[in-house]
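User: I'm new to reading protein models, and I'd like a close look at the helices. Could you walk me through how they are laid out and what they touch?

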Amino acid sequence: VESLRFVDSYIHSFLIMSSTDNQTIITLQGSVDIVSEFFFTAINSILYQRGIYEPASFRRVDKYGLTCLTSTDEGLLTYLNNVMKQMQSWLAEGSVQKLVLVVAGLDSGETLERWQFQVQVDNNDASANAAKGNENHAPNQKSSSSAMENSNKTKKNQKSIQEIHDEIQAIIRQITASVTFLPLLNEPCSFDLLVYTDQDAVVPQKWYDSDPRYIMNSSEVKLRSFTTSIHKVDTMVTYKEKDEWEL
């Protein structure tokens, strides 16, 4: 497992779907777009709610049936766009294990919060959806009973976009409510993004190995999860107890 860090306006992606039997099936690329858009929205929400950037530098946008906050800072947007572009590539390859947003104190240098987004991939669904529309894909040699079993599983796992958005909405609401239980950040803070990938993932030059920035004697709160039927994302936040670092 590698923990990677990137040195250095969000790319709008189109949801790719196919329709069979009057049902919408999310393809691998469509799932990648949903997950990367969630990451972008969640990161912006955390940066706003935790006061990492000035509130005046955010604008309101409607997403997932909510009013979300998105940064207008050009430098930040460029950074996030570059990270999301690479994340989309790794997600499509199934190489991403988790994304971690680290909040650290500028004065103390200590890690105060770790927002973790764990990614799991249903390889069967991902492979099946990736093969759709690929004329060069070899015919599947499975028996009829095996094919029927996989077909039933796929139909069972199908979810509508509205169902996925409802699950994401619940997570964004929890991020917004996090100010009620997280300790107040009593010093100016910065943030960093760490991506955990498989060992065989292709890593661009601007990314390098990083320490995990763990928090000693921490508390953690598990938030909700969402799934596209191809990717599942579990969310949690780990934070330093108030009496450990407050002056």
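Analyst: Let's start with a ruler: the expected span of a helix is 1.5 Å times one less than its number of residues. Helices (H or I, at least four residues) and strands (E, at least two) are DSSP runs, numbered from the N terminus. Try that ruler on helix 5, residues 161–177: its 17 residues should span 24 Å, and its end C-alpha atoms are 24 Å apart, which agrees.

Before going on, a word on the ground rules. This is a predicted model, so local features need pLDDT of at least 70 and side-chain atom pairs count only at pLDDT 80 or more, while totals for chains, interfaces and linings use all residues. Residues are numbered from 1 along each chain as its sequence is written, and side-chain values use heavy atoms, with hydrogens and water left out.

For the wider setting, the chain has 6 helices and 11 strands. Of its 247 residues, 46% are buried (under 20% relative accessible area; exposed is over 50%, partly exposed is in between, with a 1.4 Å probe and protein chains only). In helix 5, the buried ones are Ile164, Ile168, Gln169, Ala170, Ile171, Ile172 and Ile175. A handy general point here: an α-helix has 3.6 residues a turn, so residues three or four places apart point the same way.

Now for helix 1, residues 28–49. With 22 residues, helix 1 should span 32 Å, and its end C-alpha atoms are 31 Å apart, so that agrees too. Because 18 of those 22 residues are buried, helix 1 is largely enclosed by the rest of the structure. Just after helix 1 comes Gly51, with a positive phi of about 70°.

What does helix 1 pack with? Its partner is helix 2 (residues 74–93), at an angle of about 145° and with the axes 10 Å apart. Axes here are lines fitted to C-alpha atoms, for helices over the stretch in contact, and angles run from 0 to 180 degrees between N-to-C directions. Among the residues in contact (heavy atoms within 4.5 Å) are Phe39, Phe40 and Ile43 of helix 1, and Leu80, Met84 and Met87 of helix 2. Sorted by class, that contact has 14 nonpolar, 4 polar and 1 charged residues. Ala, Val, Leu, Ile, Met, Phe, Trp, Tyr, Cys and Pro count as nonpolar, Asp, Glu, Lys and Arg as charged, and the others, Gly among them, as polar.
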